[in-house]
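Colleague: Got a minute? Please pull up the model and talk me through the fold.

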Amino acid sequence: AQCSELVLQTSETLPLQLDGEPFEFEPGEITISAHSQSFMLQRATDQAGLSAAIDAVDRVMDTGAITAEQRNLLIREMAHRAHRTRRRTETMARSASFATGMKLSASMPVLH
């Protein structure tokens with residue numbers, strides 16, 4: 001479950017850290033609330049996912065948040081990692097096929 005605010009009530013003194021500084025929190029109430037939203041990236045498992053990532057980088061460049069040079073560096077790194085992941089997956093599939101005489105499972109992601 002997700003929430004935007006969490007309230008903790010304590011009846012005992014708690015050892016806490018705030019910005020790396022230790023202190024003792026006296027009995028009372030602690031309110032933790034969401035400040036802003038963060039976005040998480042996850043590995044693309046197919047060409048469509050890689051295309052969507054490239055489109056996202058292009059949109060960020062269009063807003064002026066990154067330069068064309070930064071965009072190109074990001075795209076180059078994404079292509080390098082996708083190629084390396086594809087080679088690793090294909091090597092694992094060949095090894096498994098050779099060792100067991102079985103074919104690559106359809107559920108195993110292979111990037112093209």
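Colleague: What pattern does the chain follow along the sequence?

Modeller: The protein chain reads β-β-β-β-α-α. That comes to 2 helices and 4 strands. Helices (H or I, at least four residues) and strands (E, at least two) are DSSP runs, numbered from the N terminus.

Colleague: Any caveats?

Modeller: This is a predicted model: local features need pLDDT of at least 70, side-chain atom pairs count only at pLDDT 80 or more, and totals for chains, interfaces and linings use all residues. Residues are numbered from 1 along each chain as its sequence is written, and side-chain values use heavy atoms, with hydrogens and water left out.

Colleague: How many residues, and what share is buried?

Modeller: Of 112 residues in the protein chain, 11% count as buried. Buried means under 20% relative accessible area, exposed over 50%, partly exposed in between (1.4 Å probe, protein chains only).

Colleague: Where does Ile66 sit?

Modeller: Ile66 is in the loop between helix 1 (47-62) and helix 2 (68-100).

Colleague: Why does Ile66 count as buried?

Modeller: Because its relative accessibility is 17%.

Colleague: What does Ile66 touch?

Modeller: Leaving aside residues up to four places away in sequence, Ile66 touches Val57, Val60, Met61, Arg71 and Leu74. Contact means heavy atoms within 4.5 Å.

Colleague: And chain-wide, what share of contacts joins residues at least 24 apart?

Modeller: 34%, among contacts between residues at least 6 apart in sequence.

Colleague: Switching to Leu8. Which strand is it in?

Modeller: Leu8 is in strand 1 (residues 5-10). Leu8 is partly exposed, with a relative accessible area of 40%.
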